[in-house]
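Let's take a walk through the empty and filled spaces of this model. Keep the viewer open and follow along.

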Amino acid sequence: MALTEHIVMRELDIPDIGDYAVYRRNGGWEAFRKALKEQTPAAIVQMVKDAGLRGRGGAGFPTGVKWGFLPKGVFPRYLLCNCDESEPGTFNNHQIIDRNPHQLIEGVAISAFAIESNTAYIYMRGEFAAAAITLEQAIAQAYADGFLGKNILGTGYDLDIYVHRGAGAYICGEETALMESLEGKIGQPRLKPPFPAVAGLYSKPTIINNVETLANVPPIIEKGVAWYRSFGTEKSPGTKCFSLSGHINRPGNYELPFGLSLRELIYSPEYGGGMKGDRPVKIVIPGGASAPWLTNSQLDTPLDYEGVAAAGSMLGSGAVIVLNDTVKAPHLAYKMDEFFKHESCGKCTPCREGTHWLVKVLHRVAEEGHATEGDIKTLHGIYNQMAGNCFCLLGESAVMPIKSALTLFADEFEEIVARSGNGHVGNGKHAISLELAGR
Ligand SMILES: Cc1cc2nc3c(=O)[nH]c(=O)nc-3n(C[C@H](O)[C@H](O)[C@H](O)COP(=O)(O)O)c2cc1C
Ligand code: SF4
C-alpha cells in the first residue's frame with residue numbers, strides 16, 4: 001500500500017520542498033512557531049511520547065522516553081543530531097538532507113526547545129560535504145527569518161545550531177564516540193553508564209537522535225498524535241524510510257508504513273520491483289551490516305521492530321540489503337567483516353584482534369578457497385570469544401555476518417573444506433599459528 005502522504009520524504013508530494021520559500025508556503029516552520037507560542041517543553045515531550053516515535057538510528061528506542069531521562073534542573077543541555085550515516089546499505093539520512101533539509105532543521109529546533117537546550121549540533125559524516133553546505137544554507141535561512149538566534153519570535157528562547165563534519169569514521173556514529181569526536185578527541189566510545197542524557201557532551205546532559213527521527217517531529221506537532229498513529233502499527237507507529245539495495249530491480253529509498261512485509265517491499269512494482277533477472281532471493285540483511293541475516297523462507301516477516309526481532313534479526317537503520325543465489329555466504333561474511341575490521345577503532349582487544357583474525361581466516365577460506373575443519377572451528381571460536389566481550393556494539397555487530405553465515409549456510413563452508421582435500425596441511429590451530437608467525 002503506497003502512502004498517500006509522506007511524513008519525511010515530502011519531496012515526493014511537493015517536489016520543490018527543499019526550496020526554503022516552498023517549504024514556508026507549505027506550512028514550514030509553523031510547527032516550531034506553534035511549539036514556542038502555544039506549548040511548553042514538557043507538553044512537546046509528552047506528545048512525542050504519545051505519538052510513539054521511535055529512534056530511527058538503529059535501536060528503535062522511544063524518543064520521548066529518552067528525552068525524559070534528562071536530569072531536572074541541570075544546564076546547559078545539548079541536542080546532537082546524528083548524521084554519521086555510515087552503516088553499509090543505509091542512505092536515507094542523506095536523501096532527507098538533500099531533498100527536505102528545512103524539515104530536519106525545524107525538527108532539530110522543536111526538539112531542542114522540548115529538551116530546553118540552547119545549542120544543537122548536527123554531526124555529519126565527513127564525506128557528506130555537499131549535504132553539509134545544504135544544511136548550512138538552510139540554517140542561515142532560518143536565522144534570517146528569526147527562527148534561530150536570540151529571543152526567537154519574541155519568546156525569550158535562544159537557539160544556535162551548528163553543523164560539524166567528522167572525518168568519515170563509522171565508529172563516530174556510535175553516540176559516545178560521536179561526542180568524543182565533537183569535543184576534538186579521538187573518536188572512540190566511552191564507557192556507559194553514565195549515559196549521555198546524564199553526562200554527555202562536555203559532561204553535560206545530552207540527547208542524541210538520528211536525522212530521520214528528528215525529521216518526524218514537525219509533522220507530529222503540526223498534525224497531532226492521532227494522525228501520526230494512523231500510520232504503521234501499534235508498537236511501531238509512523239513510517240520508515242527503507243533504504244533498499246542489492247540485486248533489486250528498483251533500489252532506492254522508500255518511505256512506507258511500518259508493518260508491510262519484506263516480500264511486499266521487494267516484489268511490489270511500486271517499490272523494489274522484484275529481483276534482477278528474476279533470480280531467487282537467497283539472503284536478506286534487514287537492518288544494515290550489523291543485522292543477522294534472514295533467508296528466503298522469511299519473506300513474510302513484517303518490517304517493524306517487533307516483526308524483524310521475532311524473525312531473529314533487527315530492523316536497525318532500515319537498510320534492507322537483498323541478495324540473490326549467486327552470492328556465496330562465506331564471501332559475503334568476508335566482505336562484511338572486512339568492513340568491520342577496517343572500522344574497528346582499536347580500543348578493545350576482542351574487536352581489534354577478533355576482526356583482524358576473522359578477516360584473515362575468512363580470506364583464506366572464502367577468497368582463496370582453502371579450508372580445513374579446523375578453520376571452521378577457528379571461525380566459530382573467534383566469534384564466540386568476541387560475542388558479549390566487546391566494548392561497544394561495533395564489535396558485537398562484526399560477529400553477525402560470520403555467525404549468520406556459519407549457522408545458515410554451514411554446507412557452503414563444508415563444501416570448501418571438501419574441495420580443499422589434501423591441498424591444505426594441518427588443522428585450523430596450526431594454520432592460525434602460522435599466520436601469527438607471519439604477521
Ligand atoms: C558502530 C555504530 C555506529 C552507529 N552509527 C549511527 C549512525 O550513523 N547514525 C545514527 O543515527 N545512529 C548510529 N548509531 C546509533 C547511535 O549510537 C544512537 O543510538 C542513535 O544515534 C540514537 O538515535 P535515535 O534514538 O534517534 O535512534 C550507531 C551505533 C553504533 C554502535
Ligand atoms: S568494540 Fe571495536 S569499535 Fe568498539 S571500542 Fe572495541 S575496538 Fe573500538
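Sorting the lining of the largest pocket by class gives 19 nonpolar, 20 polar and ten charged residues. Please keep in mind as we go that this is a predicted model. The largest pocket holds about 1400 Å³ of space. It is lined by 49 residues, and those closest to its centre are Gly57, Gly58, Ala59, Gly173 and Leu393. To find its walls in your viewer, look for helix 5 (92-99), helix 8 (175-182), strand 4 (206-210) and helix 17 (393-408), the elements that each give two or more residues to the lining.

Which molecule sits in the largest pocket? It is ligand 1. Around ligand 1 there are 18 residues, with Gly57, Lys66, Glu85, Asn210 and Thr213 coming nearest. Gly57 therefore turns up twice, being among the residues closest to the centre of the pocket and among those nearest to ligand 1, with a cut-off of 4 Å deciding which residues count as near the ligand. Strand 4 and helix 17 each supply at least two residues of the shell around ligand 1, and strand 4 has the largest share, with three residues. By class, this shell has four nonpolar, eight polar and six charged residues.

Now zoom in on the polar atoms. An oxygen atom of ligand 1 lies 2.8 Å from a polar side-chain atom of Lys66. For Asn210, too, a polar side-chain atom is found 2.8 Å from an oxygen atom of ligand 1. With Gly173 the partner is in the backbone: a polar backbone atom of this residue is 3.3 Å from a nitrogen atom of the ligand. On its own, ligand 1 has 610 Å² of accessible area, and the protein covers 88% of that.

Let's move on to the second largest pocket, with a volume of about 260 Å³. Of its 13 lining residues, Val45, Trp67, Lys72, Arg77 and Glu116 are the closest to the centre. Which helix gives the most to this lining? Helix 3 (residues 41-51) does, with five residues. Seven of the lining residues are nonpolar, two are polar and four are charged.

From open pockets we turn to closed spaces. Rolling a probe the size of a water molecule over the atoms shows where empty space is left. Searching the whole structure turns up two cavities of 30 Å³ or more. The largest cavity has a volume of about 100 Å³, and its lining consists of 15 residues, with Arg10, Gln103, Pro218, Pro219 and Glu222 nearest its centre. Helix 6 (101-114) and helix 10 (217-223) are the elements that give two or more residues to this lining, and the largest share, four residues, comes from helix 10. The classes here are six nonpolar, five polar and four charged residues.

The second largest cavity contains about 90 Å³ of space. Among its 14 lining residues, Cys345, Lys347, Cys348, Cys351 and Cys392 are closest to the centre, while helix 15 (349-367) and helix 17 are the elements giving two or more residues to the lining. You have met helix 17 before, in the lining of the largest pocket. What takes up the space of this second largest cavity? Ligand 2 does. Of the 13 residues that surround ligand 2, the closest are Cys345, Lys347, Cys348, Cys351 and Cys392, and its shell has nine nonpolar, three polar and one charged residues.

Key:
Residues are numbered from 1 along each chain as its sequence is written. Chains are lettered from A and ligands numbered from 1 in the order in which they are written. This is a predicted model: local features need pLDDT of at least 70, side-chain atom pairs count only at pLDDT 80 or more; totals for chains, interfaces and linings use all residues. Side-chain values use heavy atoms; hydrogens and water are left out. On a 1 Å grid over the protein atoms alone, a cavity is a set of points where a 1.4 Å probe fits but cannot get out, and a pocket is an open set with protein on both sides within 12 Å along at least five of seven lines; lining residues have an atom within 4 Å of a point. Grid points are joined across faces, edges and corners, and a volume is the space filled by probe spheres set on the points. Ala, Val, Leu, Ile, Met, Phe, Trp, Tyr, Cys and Pro count as nonpolar, Asp, Glu, Lys and Arg as charged, and the others, Gly among them, as polar. A molecule sits in a cavity or pocket if more than half of its atoms lie within 2 Å of its grid points. A polar contact is a pair of N or O atoms within 3.5 Å; within protein, one must be able to donate a hydrogen and the other to accept it, and residues adjacent in sequence count only if both atoms are side-chain atoms. Accessible areas come from the Shrake-Rupley method with a 1.4 Å probe; for residues, only the protein chains shown count as cover.
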